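Colleague: I should like a close examination of a single part, the sheet at the start of the chain together with the helix packed on it. Please then set that part in the context of the rest of the chain.

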Amino acid sequence: TPTLLWLRRDLRLSDHAALEAAVARGGPVIPVYIRDHLTDALGAAPKQRLDMALEVFAETLEAKGSRLILRAGPAREVLEDLVRETGAGAVYWQRLHDPQAVERDTRVKSALKDAGLEVRSFPGQLLFEPWGVATGQGGYYRVFTPYWRAVKDRAVPEPLAAPADLPAPARWPGSDRRADWALSAPMRRGAAVLRAHVAAGEAAALTRLATFARDRIARYAEDRDLPAEDATSDMSQYLTTGEISPRRCWHAGLRARAAGKPGAETFLKELAWREFAAHLAWHSPELLSDNWRPEWRDFPWDANPERPEVLAWKQGRTGIPFVDAAMRELYVTGRMHNRARMIVASYLTKNLLAHWKIGCDWFADTLVDWDPASNAMGWQWVAGSGPDAAPYFRVFNPETQAEKFDPDRIYRRRWLAEGQAQPPDTALAFYQAIPRSWQLAPSDPPPTPREDPKRGRQRALDAYQTFR
Ligand code: FAD
């Protein structure tokens, strides 16, 4: 009988345990992507990135004589329909770990099992399943360094090769047309701009990883903090869609370390931060929805997302050039350098005293690498409310950070048009992407700071003192 291969955040052919097992089971393999409530809940940029990933993945499958079947509706009903239509005897998928996906998958699994199907879920989204890493007392890790010590020398199997053949069924079930899903529509004007900045697909991911490991990993430890440099791996968007597996990235790091490349260890450690985020989200799902440290629920965050200062933050016109450059990079490319993420998050949660959830939500709408666990952990880390967080009183000063990490102003000039006689295309692309209602033009004078960073800092520290 055929096997339904339910694809979610694993749009690749190589190093795919569920696909490997489906082929090994014998019989036709029917790859399916379901647009259910979790797809519909995605933000605009993640949705567009998914659209691009589905497009490339369907082509990859077709080149192998297979297809990607698209269906919309509640996952359980869609899978039950497909079982009826195809006579499938098994449903396989790769496990996810965020609370909403876990809840859905648990329900689907028991319903399909009750219907007599063979249902199997496989690892592959993470290097280490969250329940497989425990402290000496049997609990979960709340601090990164001991987590890192616990996992860093674990054996990680070599990635699997893509199967040579994907046996096709005699008759394919019907599929929706991807274009009809209009997953790029919420991006509106930004869609074309974003498309130009993203190379989707497994092949693009593998090429990018190979060039990173060859040319950049040796200097990664020094250069990864310089936002003007193309010094990091850019793997996050591919890990989010599953166009590459974490094992593939891990082994690239191990090989570079064995070859004596000094940045390799730091790269492995960053991959472990992604694992740590998933570990935390699985063991304490409230990380995604609330202040992780319960006492922080009483902190006087300003929860109004419509405040003019907060809107100016979203629109990249706070008047603090480093913050504005970063927010525009985000809007244009769907990405933001990690150093810049920390600085804009600190500015929002400390200088503006805005609730970290406002920023977390904005990133969920605008990042192509959006991941529920890494995003929430990142925000709560900066805000001070999370596990192993930066202490609240560590307020990043965006001006000294800019002097240190963007000393030649290359990053700021790349993204800010105002005040430049001939702004680069990157800076101008922002105006093609933003809604017209923002009423911004490259000929505008540079925005003046709405907030004195020193005063904002002091207000944050005062609020913290009172709260303590
Ligand atoms: P590299 O520097 O090449 O790192 C390699 C890989 O390690 C990354 O691809 C990523 O998978 C992982 N990694 C690196 N740093 C972190 C980190 N701090 N936390 C978790 N994993 C990490 N990352 C996301 O993938 N999705 C998010 O939604 C996200 N939101 C963030 C929000 C805030 C406020 C902050 C401070 C960080 C956030 N990060 C998020 C983490 C980090 O900024 C990105 O993973 C990184 O910038 C991606 O670029 P890269 O792939 O070139 O990273």
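Modeller: A residue is called buried here if 20 or more other C-beta atoms lie within 10 Å of its own, exposed if 12 or fewer do, and partly exposed in between, with C-beta atoms placed from the backbone. Helices (H or I, at least four residues) and strands (E, at least two) are DSSP runs, numbered from the N terminus. The model is a predicted one, in which local features require pLDDT of at least 70 and side-chain atom pairs count only at pLDDT 80 or more, whereas totals for chains, interfaces and linings use all residues. Residue numbers start from 1 along each chain, as its sequence is written.

I begin with the helix. In α1 (residues 17-25), the buried residues are A17, A18, L19, A22 and V23. Among the elements that cover them are β1 (3-7), β2 (29-35), β4 and β5; the criterion is contact, meaning that the C-beta atoms of two residues, placed from the backbone, lie within 7 Å. Immediately after α1, G26 adopts a positive phi of about 85°.

The sheet itself is open and consists of 5 strands in the order β3-β2-β1-β4-β5, with parallel pairing; two strands pair if DSSP finds at least two bridges between them. Its edges are β3 (69-72) and β5 (118-122), each of which has a single partner strand, so one side of each is left without a neighbour in the sheet. On average, neighbouring strands of this sheet are turned by 25° against each other, direction ignored. For such angles, axes are lines fitted to C-alpha atoms, for helices over the stretch in contact, and the angles run from 0 to 180 degrees between N-to-C directions.

Two of the pairings deserve detail. β1 and β2 run parallel and are joined by 5 bridges, and L7 stands opposite Y33 in β2. Strand β4 (residues 90-94) pairs with β5, also in the parallel sense, over 5 bridges; here the bridge partner of Q94 is F122 in β5.

How many residues of β2 are buried? The count is 7 of the 7, so β2 is largely enclosed by the rest of the structure. In a regular strand the side chains alternate between the two faces of the sheet. In β2, V29, P31, Y33 and R35 are on one side and I30, V32 and I34 on the other, and all of these are buried, so that both faces are covered.

An unreviewed UniProt entry places the annotation "domain: Photolyase/cryptochrome alpha/beta" on residues 1-127. UniProt positions follow the numbering used here, feature names are shortened, and annotations may be inferred rather than shown by experiment. Residues 1-127 are 48% helix and 20% strand, and the end C-alpha atoms of the span lie 31 Å apart.

The domain assignment of the chain gives domain 1 (1-124), domain 2 (126-157 + 189-283) and domain 3 (294-467); these bounds come from an automatic or database domain assignment. The centres of domain 1 and domain 3, taken over C-alpha atoms, are separated by 36 Å. Across their interface, 6 residues of domain 1 are in contact with 9 residues of domain 3. On the domain 1 side, the touching residues divide into 3 nonpolar, 1 polar and 2 charged. In this grouping, Ala, Val, Leu, Ile, Met, Phe, Trp, Tyr, Cys and Pro count as nonpolar, Asp, Glu, Lys and Arg as charged, and the others, Gly among them, as polar.

Further along the chain, the unreviewed UniProt entry places the feature "binding site" at Y220, T232, S233, D234, M235, S236, F267, D369, W370 and D371. These positions span 152 residues in sequence, and the farthest two C-alpha atoms are 22.7 Å apart, so they do not all gather at one spot. One of them, F267, is in helix α13 (residues 264-283) and counts as buried, with 27 C-beta neighbours inside 10 Å. Leaving aside residues up to four places away in sequence, F267 touches I217, Y220, S233 and G253. D371 lies in the loop between α17 (356-366) and α18 (372-383), and with 23 C-beta neighbours inside 10 Å it is likewise buried.
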